[in-house]
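The following exercises are to be worked through with the sequence and the structure in view. Each task is followed by a solution in steps.

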Amino acid sequence: MGARCSKFSFCWWHSHLKPSLLDSSDLENGGKNEKNAFPTFTEFNLDELKMATNGFSPENIVSEHGEKAPNVVYKGLLENGRWIAVKRFNRSAWPDSRQFLDEARAVGNLRSERLANLIGCCCEGEEKLLVAEFMPNETLAKHLFHWENQPMKWAMRLRVAFYLAQALDYCSSKGRALYHDLNAYRILFDQDGNPRLSCFGLMKNSRDGKSYSTNLAFTPPEYLKTGRVTPESVVYSFGTMLLDLLSGKHIPPSHALDLIRGKNFLMLMDSSMEGHFSNDDGTELVRLATHCLQYEARERPNAKSLVTSLMSLQKETEVPSHVLLGIPHGTETPPQPLLLTPMGEACLRKDLTALHEILEKTGYKDDEGIANELSFQMWTNQMQETLNSKKHGDAAFRAKDFITAIDCYTQFIDGGTMVSPTVYARRCLCYLMGDMPQKALGDAMQAQVVFPEWPTAFYLQATGLFILEGIENDAQEALKEATKLEAKRSKN
């Protein structure tokens, strides 16, 4: 190879950069020394993803516009301990399930160190979800536009551009050259501080949806005419990303090009970078951006040539990304999700059969701490009738005759001589089995009144609220309270 290198610079870069920076086969295989091979693509069921995200809890949302976004991204934790990002599509986004699955599987075949890879999907009824590797260290937008401790270093900006070009080149080589709405929120940083391109942009937000959701000022000119994204459109968006990296701001391309044409490109540069880069480097990056932002699509470079151009600009290649980014290595993982007990899991799944088994197995042991003023009434006829109605209710509950159980438990409660939170809990479940969630909720709340710190009362409230739908936040709060009380109980 040395005999063919006519320029010292290329030989030096080739020998000093890590192989994974240059070798596309290494990028694809996850690096020769990587211990954790890329996970295979999996079709998850909805219950698994509900469990992983605490029932799609608002607290798990990591996407830019929170709950207001048409398609929301949640962080989650699988049972095997792997952190994931789950994109939940609007229910009308992909009416054709087969088309959704075909697209997801095609993107799921890609595997690269430069991507936050798609590791699975879910398609159940109206629910369509994508599952990707979770990147714990925020987005390029956060580090570039909203930094707190230090602006992003010049060497890191060059590395972001280079890695992004490599990601696009890899996708192109695998027949997935189209990327929808490339912007600073699509670049994510992994646990080592390395920038990766989100796989979510390799699929549109809906079958017939727009490929660009950003301001029209940043949209490729040909897309405004045809409404179609092309490989050249993606290169145009890459040019807007170079402007972001140069300026530290999100500047409309037309304004930036006016500055460049007027030889005022230094006005474009991030003032915090003054003295940290050479004029030659700045000029070369501006030239590349201008080339990408050509009005005529055919005059723009392709991803492979961008990789070649950016390779020779790299600085401080021996310095790990997390150091350049100014973050601790192995940044803290996100807060642990709720560690649900079997009852919590059944509640989240709305698995009434499992809840029935748990209540049946637990029996009345939780009533032991509840004071009942029985005194001399204990053996009166009225008391005996009350106990008999409870006994018949328990037999019906065990036999899953929920209508009879409701009648018997109602007689017990109306008798008024004893108070049992368990009876309220059992009647609550009977109401849920009979599709009467409002009545069930009333019993779950009454159980809480009788026994204020009883986890079961909160679990059943959460189940009722999940079944009623549209009030997931309240359901989540009840589930959280139940989990907290049960954890407190197990410590005592």
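**Exercise 1. State how much space lies in the second largest cavity, and determine which residues and elements line the cavity.**

Solution. The model is a predicted one.

Step 1. The second largest cavity holds about 40 Å³ of space. With a threshold of 30 Å³ or more, the count comes to 2 cavities.

Step 2. The lining of the second largest cavity consists of Arg114, Val160, Tyr163, Leu164, Ala167, Ile187, Pro195, Arg196 and Leu197. Two elements, α7 and β8, each give two or more residues to this lining.

Step 3. Helix α7 provides the largest share of the lining, 4 residues.

Step 4. Sorted by character, the lining residues comprise 7 nonpolar and 2 charged, with no polar residue. For this division, Tyr and Pro count as nonpolar and Arg as charged.

**Exercise 2. Establish the strand order of the open sheet and identify which strands stand at the edges.**

Solution.

Step 1. The open sheet is formed by 3 strands in the order β4-β8-β7, with mixed pairing. Strands β4 (115-116) and β7 (187-189) each have a single partner strand, so each is left with one side lacking a neighbour in the sheet.

Step 2. Strand β8 (residues 195-198) pairs with β4 in the parallel sense, over 2 bridges. In this pairing, Leu115 stands opposite Leu197 of β8.

Step 3. Between β7 and β8 the direction is antiparallel, and 3 bridges join them. Here Phe189 stands opposite Pro195 in β8.

Step 4. β7 and β8 form a hairpin, with 5 residues between the two strands. In the turn, Gly193 has a positive phi of about 80°.

**Exercise 3. Describe how helix α7 lies with respect to the strands of the sheet.**

Solution.

Step 1. Helix α7 spans residues 154-173 and lies across β4, β7 and β8.

Step 2. The helix runs at about 40° to β8. Both α7 and β8 also contribute two or more residues to the lining of the second largest cavity.

**Exercise 4. Find where the pLDDT of the model is under 50.**

Solution.

Step 1. Averaged over the chain, pLDDT is 84, and 84% of the residues score at least 70.

Step 2. Residues 1-25 stay under 50 in pLDDT, and the model gives this stretch 29 contacts beyond four places in sequence.

Step 3. Residues 30-36 likewise have a pLDDT below 50, and this stretch has 7 contacts beyond near neighbours in sequence.

Note on methods. Residues numbered from 1 in each chain as written. Predicted model: local features only at pLDDT ≥ 70, side-chain atom pairs only at ≥ 80, totals over all residues. Heavy atoms only, no water. Pairing = 2+ DSSP bridges. Contact = heavy atoms within 4.5 Å. Axes fitted to C-alpha atoms, helices over the stretch in contact; angles between N-to-C directions. 1 Å grid on protein atoms, 1.4 Å probe; cavity = no way out; pocket = protein on both sides within 12 Å on 5 of 7 lines; lining within 4 Å. Points joined across faces, edges and corners; volume = space filled by probe spheres on them. pLDDT = per-residue confidence, 0-100.
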